[in-house]
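Work through the following exercises with the sequence and the model at hand. Each task is followed by a solution that goes step by step.

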Amino acid sequence: MGCCLSQDTFPVSQVHLHKGTRQGGLNLGDEIPDFTANSTEGIINFHEWLGGSWAILFSHPADFTPVCTTELGRVMQLHEDFRKRGVKVIALSCNSIADHNTWTQDILAYINATGDLPYPILEDTDRKLATRLGMVDPVEHDQLGMPMTCRAVFIIGPDKRLRLSILYPATTGRNFNEILRVVDSLQLTDRVKVATPVDWKPGDRCLIVPALSDDEAQSIFPNLELLPLPSKKNYLRYTLDY
């Protein structure tokens, strides 16, 4: 990770939230605020880095912690799966770049890999960015008494808007296979007028959205399957035509 900038190059407390950024958490559909921050791949201007891509921003309580180490290793193992879906990945942790670079070697050792992580880790030692994004855990604090970030996952659409948000406590590791499944659902339902039912996986049948009338649904999905219900309401309409 020779391209990394040192703390001396970019002060550890310096995260720039761009003009117009309001304080507080984010709601689904909100535009992700633009910011400039240091990372293990150098200075990142977030909206520029996003471009027109899908992206996942996921935060961590601290470097050199067991659950976080397993998570970042798993994301490296799945990086090609994210890439095939057109999804960029970026992590955030409140330690310094120097810590991130040292920690990376532990992550690589955990998954028996070499080289560099294929995604950047943002630096946020003063918690300014984590606070702005609503990623701060109100219960967990570090040895200096500063609040730690929770395990947040933000899935961001090509329009730079928040499409999904999940918050995990520090003691619960994330299931990144589930996150991949959610990406598949979001991308599918952007293209086709369907919704994905409980436990859906790619290849399973989908539900036709209620906004389509029965005639419209039959026209778009000629092989739809209607599940009869005691209410006589035709809202469980299944299809494999996607």
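**Exercise 1. Decide which residues of strand S2 are buried on one side and which on the other.**

Solution. Begin with the general pattern: in a regular strand the side chains alternate between the two faces of the sheet. In the predicted model shown here, Phe35, Ala37 and Ser39 lie on one side of S2, Thr36 and Asn38 lie on the other, and all of them are buried, where buried means under 20% relative accessible area, exposed means over 50%, and partly exposed is in between, with a 1.4 Å probe and protein chains only. This agrees with the count for the strand (residues 35-39), in which five of the five residues are buried. Strands here are DSSP runs of E with at least two residues, helices are runs of H or I with at least four, and both are numbered from the N terminus. Next, follow the chain onward: a hairpin joins S2 to S3 through two residues, and four bridges hold the antiparallel pair of S2 and S3 (residues 42-45), two strands being paired if DSSP finds at least two bridges between them. Within this pair, Ser39 stands opposite Gly42.

Two conventions apply throughout. Residues are numbered from 1 along each chain as its sequence is written, and side-chain values use heavy atoms, without hydrogens and water. Since the model is predicted, local features need pLDDT of at least 70 and side-chain atom pairs count only at pLDDT 80 or more, while totals for chains, interfaces and linings use all residues.

**Exercise 2. Describe the cover of strand S9 and identify the strands with which S9 pairs.**

Solution. First take the cover: six of the six residues of S9 (residues 151-156) are buried, with Arg151, Val153 and Ile155 on one side and Ala152, Phe154 and Ile156 on the other. Then take the partners. Strand S4 (residues 54-60) pairs with S9 in the antiparallel sense over four bridges, and Ile56 stands opposite Ile155 there. Strand S10 (residues 162-168) is also antiparallel to S9, joined to S9 by six bridges, and in S10 the bridge partner of Ala152 is Leu167. Finally, look at the hairpin of S9 and S10, which has five residues between the strands and in which Lys160 takes a positive phi near 70°.

**Exercise 3. Asn112 and Arg127 each have a positive phi; establish whether each is buried or exposed.**

Solution. The background is that most residues other than glycine have a negative phi, and most peptide bonds are trans. Asn112, although not a glycine, has a positive phi of about 55°; Asn112 lies in the loop between H4 and strand S6 (121-123) and is exposed, with a relative accessible area of 74%. Arg127, also not a glycine, has a positive phi of about 65°; Arg127 is placed in the loop between S6 and helix H5 (128-132) and counts as buried, at 7% relative accessibility.

**Exercise 4. Characterise the packing of helices H2 and H4.**

Solution. Start from the geometry: the axes of H2 (residues 66-77) and H4 (residues 97-110) are 9 Å apart and meet at an angle of about 70°, the axes being lines fitted to C-alpha atoms over the stretch in contact and the angles running from 0 to 180 degrees between N-to-C directions. H2 and H4 are therefore roughly perpendicular to each other, a class that spans 65 to 115 degrees, whereas angles under 35 count as roughly parallel, over 145 as roughly antiparallel and the rest as oblique. Then list the contacts (heavy atoms within 4.5 Å): the residues of H2 that take part include Cys68, Leu72 and Met76, and those of H4 include Trp103, Ile107 and Tyr110.

**Exercise 5. Which strands stand at the edges of the open sheet that contains S11, S12, S14 and S13?**

Solution. The four strands follow the order S11-S12-S14-S13, with antiparallel pairing. Strand S11 (194-195) and strand S13 (225-226) each have a single partner strand, so one side of each is left without a neighbour in the sheet, and these two stand at the edges. At the S11 end, two bridges join S11 to S12 (residues 206-208) in an antiparallel pair, and Val194 stands opposite Ile208.
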